[in-house]
Amino acid sequence: MLDINLLRNDLSGVAVALAKRGVALDTARFEALEAERKSIQTRTQDLQAKRNALSKQVGIAKGSGKDPAPMLAEVAGLGDEQKQLERQLDSIQAKLRDFLLELPNVTHESTPAGRSAEDNVEVRRHGAPRDFDFTVRDHTDLGEALGMLDFETAAKLSGARFTFLRGDLARMHRALAQLMLDTHVREHGYTECYTPYIVNAPTLVGTTQLPKFEADMFAVTRGVQAPGDEPQEALYLISTSEITLTNSVRDTILPADALPIRLTAHTPCFRSEAGSYGKDTRGMIRQHQFDKVEMVQIVRPEESYAALEALTGHAEAILQKLGLPYRVMALCTGDIGFAAAKTYDLEVWLPGQNAYREISSCSNCEAFQARRMQARYRNAQGKPELVHTLNGSGLAVGRTLVAVMENHQRADGSIEVPAALRPYMGGQELIVRR
């Protein structure tokens, strides 16, 4: 959430910054709400001053033997009016908060300007796409020929955009997650976490999935509600463990020496894929359920951009261990995520699509999420200050499996197991049909 004082002090500047993202700031709406807030606060202050003056007169009247009843009645009347104004102020403050909750973050000055993904800027590449001397197959054809990738059964069980893995591909899927976790914990200094998969609405507000992106979430219920029961709290399946890891510091003032915090978790992720009708309908690229190893960092503000570079490097390390060609893209202002000030996407080469596809997104949200969560630390002066939050996929497990299958395929349809994965697969070097 943006700092409301930023809008109060430089509304036109915020409008220009959001326009870079293609967002039109309703300045008239904000000014109207602010004018009403100021009016109510002024009236409230005037009433309080009047009540204070009358209260003194009541004391004087009592001391001089005069009847204070008329003044007491007036004080009571002013008190009722003041309570009414306080309710009006609460209502306006809620409207201002709702207004702010709909606004995305302001991008960092180093974020490239642009309108769409076409304007993203390539930062670097690692590895070259392999030259195959046979006809390349995509992961769907490879997995189905091996008898280990079964979309028909998944559709029967759950519908479209689900996957059923068997045998060595299921084993490799698990091995990939273990490799990622071990690398991030042992080499990159993250603390492994196991988190809930179901969260409440305030948690999603903290990391910006609510209120704006509720359509992307799967809501859950506890079952049939009995007559007379209290209304059930809204609950949702997580779309990423960024949600639970980042919210672990919600409503907290951390000691300065607790920072930086590095957390990682392997969880399933659930996304409705609202608005993606017709996109990536073949294979495992865009699923309602997938696994991801997430990285989250909670840092001091002055350290967050160095942390972004480090976090991106941590995600790259997994791709390098697996021998997968990739490129790093700086997202432009028109393609960057709602909460992010700056984002790097890692795009892995997929021979079956003859294209680079996103496999990780690493973002610095600065204080945007922290302000919603009231996540703070005590700075050098001992005063509470908002932390900066960062998150990145380290990596999306299903898409990594796709990349390994396609980049390490052989002419006979078998798949070579990358050396980094073999310790997690009992030394197995090749996946073949059994």
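Among contacts in the chain between residues at least 6 apart in sequence, what percentage join residues at least 24 apart? In this predicted model, the figure is 73%. A helpful way to begin, then, is with the chain as a whole, before turning to two of its helices.

The chain is built with 12 helices and 16 strands. Its C-alpha trace spans about 105 × 55 × 40 Å along the principal axes. Of the 434 residues in the chain, 50% are buried. The area that the chain exposes comes to about 20600 Å², and carbon and sulfur atoms supply 49% of that area. Charge can be summarised too: the chain has 51 positive and 56 negative charges, and the mean positions of these two sets lie 3 Å apart.

Helix α12 is a good place to look more closely. This helix runs over residues 397-407 and is mostly covered, with 11 of its 11 residues buried. Among them are the charged residues R399 and E406, along with V397, G398, L401 and N407. T400 also belongs to α12. Because its relative accessibility is 0%, T400 counts as buried. Who are its partners? With neighbours within four places in sequence left aside, T400 is in contact with L176, M180, L322, L324, I359 and L395.

Two of those partners, L176 and M180, lead to another helix, since both appear among the α7 residues that meet α12. To picture such a pair, it helps to know that two packed helices are described by the angle between their axes and the distance between the axes. Helix α7 covers residues 167-186, and it packs against α12 at an angle of about 115°. The two axes are 10 Å apart, and the crossing is right-handed. On the α7 side, the residues taking part are L169, M172, H173, L176, A177 and M180. They meet V397, G398, T400, L401, V404 and M405 of α12. Spacings of this kind are easier to read with one rule in mind: an α-helix has 3.6 residues a turn, so residues three or four places apart point the same way.

A last stop is H314, which sits in helix α10, residues 304-321. H314 is classed as buried because its relative accessible area is 9%, below the 20% cut-off. Not counting residues up to four places away in sequence, H314 touches H184, H188, Y190, R262, M295 and Q297. One of these, M295, is 19 residues away from H314 along the chain, and the C-alpha atoms of the pair are separated by 8.9 Å.

Terms used:
Residues numbered from 1 in each chain as written. Predicted model: local features only at pLDDT ≥ 70, side-chain atom pairs only at ≥ 80, totals over all residues. Heavy atoms only, no water. Helix = DSSP H or I, 4+ residues; strand = E, 2+ residues; numbered from the N terminus. Buried < 20%, exposed > 50% of the residue type's maximum accessible area, 1.4 Å probe, protein only. Contact = heavy atoms within 4.5 Å. Areas by Shrake-Rupley, 256 points an atom, 1.4 Å probe, with all protein chains shown as cover. Charge placed at Lys NZ, Arg CZ, Asp CG, Glu CD. Axes fitted to C-alpha atoms, helices over the stretch in contact; angles between N-to-C directions. Left-handed = near helix turned anticlockwise from the far one by under 90°.
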